[in-house]
Amino acid sequence: MNSPVCEIKNLHIEYPIAIGTVRAVEDASLNLYPGKVLGLVGESGCGKSTLGLSLLNLVRPPGKVSKGSIIYKGQDILTLPGKKLLKLRGRNISMIFQNPLTSLNPLMKIKDQFYDTMIHHEPGLKKEAAMKRIEELVELLGIEKKRIHEFPHQLSGGMRQRIMIGLALIMKPDILIADEPTTSLDVIVEAGFIELLNQLRQTYNLSVMLISHNLGLVAEIAERVAVMYGGKIVEEGSAESIYSNPLHPYTLGLIQCIPNIKLENQHLFTMPGSPPDLVHPPPGCRFSPRCPKVMAQCRKELPPLIRKNEQKVACWLYRENR
Ligand SMILES: Nc1ncnc2c1ncn2[C@@H]1O[C@H](COP(=O)(O)OP(=O)(O)OP(=O)(O)O)[C@@H](O)[C@H]1O
Ligand SMILES: [Mg+2]
């Protein structure tokens, strides 16, 4: 495998709130590789968006990274001065935010929204040259170039979403963070999105972090998958090994929750219990109160993330000396 384009190392992120501290991300380490998609999955509130935002150093205060580093091109993003950070955002690393359809400016034509982004990174860029690049990208995204002269409300939901992708890609970044990019789309448009993302990452050798609670969607495109639970990465591995041989009982539960339309009379599985309180997490393994395989040790000690075959897993089931 190539060397990583970005290394997230032992990252801890907290939000101080009135009743204590939300430990949204705890000791997360992940690598992003050029041309590859990493799927980040887990239930609502497990810390996916917080982790994604940290790659742009965009965790909203009073939220803060309390420990760890994010190394991109030999530099720690988290300690970059403001000016360098502004250059990096959008040009090197860009993000499609959760709820993309509300992120476009309703008062600006599509072409002007693109031009604003481009001129920010390339002051002095000529309008004609910019328009040519915008038209080329929009066509690559499957939208007629004349539509860039329209306002967002004149486009369909699927088109607006592709425009959001376009805005994230116009500067040809190395890394794209796509946070739940298809939540508001129907399944046909969603399928188109996956195909498009696949094509774009090959064209641009783009590294993608695809954040989703939908393991089925991630399975379609990701090479590697990281599963988060209660702020921690509990399993990581190649998509193939995670789906064919999930090790963590939580990952298995998530996979069982994916409906399969090929099965008749299928009993839909739901995971009992609810995600942990991240201010007062349960002692030991965060998943222990819901785990069908819980043991006494799980309620006392937090399992470390260890290597097991092709995967990494944080579960006491896999410790030989337990
Ligand atoms: N600005 C904030 N202030 C306080 N707590 C926050 C803030 N943003 C997020 N959190 C908390 O941090 C934890 C992680 O939130 P985050 O939004 O990263 O989760 P998520 O996995 O992206 O969830 P979802 O699937 O619903 O988008 C949650 O417990 C959330 O309540
Ligand atoms: Mg989120």
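This passage describes two sheets and the surroundings of one ligand in a predicted model.

The first sheet is open and holds eight strands. Their order is β6-β7-β8-β3-β9-β10-β12-β11, and the pairing is mixed. The edges are taken by β6 (93–96) and β11 (306–308). Each has a single partner strand, so one side of each lacks a neighbour in the sheet. From one strand to the next, the twist averages 20°. Within this sheet, β7 (residues 175–179) pairs with β8 (residues 207–212). The sense is parallel, and the pair spans five bridges. Here Ala178 lies opposite Leu210 of β8.

A second open sheet is built from four strands. It runs in the order β2-β1-β4-β5 with antiparallel pairing. Its edge strands are β2 and β5 (75–76). Both have a single partner strand, so one side of each is without a neighbour in the sheet. The antiparallel pair of β1 and β2 is joined over nine bridges. Glu14 has Arg23 in β2 as its bridge partner.

Ligand 1 is surrounded by 17 residues. Closest are Tyr15, Ser44, Lys48, Ser49 and Thr50. Three elements each supply at least two residues of this shell: β1 (6–17), β2 (20–32) and α1 (48–54). Helix α1 gives the largest share, three residues. By class, the shell around ligand 1 comprises nine polar, six nonpolar and two charged residues. The paired strands β1 and β2 thus recur in this shell, alongside α1.

Technical notes. Residues are numbered from 1 along each chain as its sequence is written. Chains are lettered from A and ligands numbered from 1 in the order in which they are written. This is a predicted model: local features need pLDDT of at least 70, side-chain atom pairs count only at pLDDT 80 or more; totals for chains, interfaces and linings use all residues. Two strands pair if DSSP finds at least two bridges between them. Axes are lines fitted to C-alpha atoms, for helices over the stretch in contact, and angles run from 0 to 180 degrees between N-to-C directions. A residue is near a molecule or strand if its C-beta atom, placed from the backbone, lies within 6 Å of it. Ala, Val, Leu, Ile, Met, Phe, Trp, Tyr, Cys and Pro count as nonpolar, Asp, Glu, Lys and Arg as charged, and the others, Gly among them, as polar.
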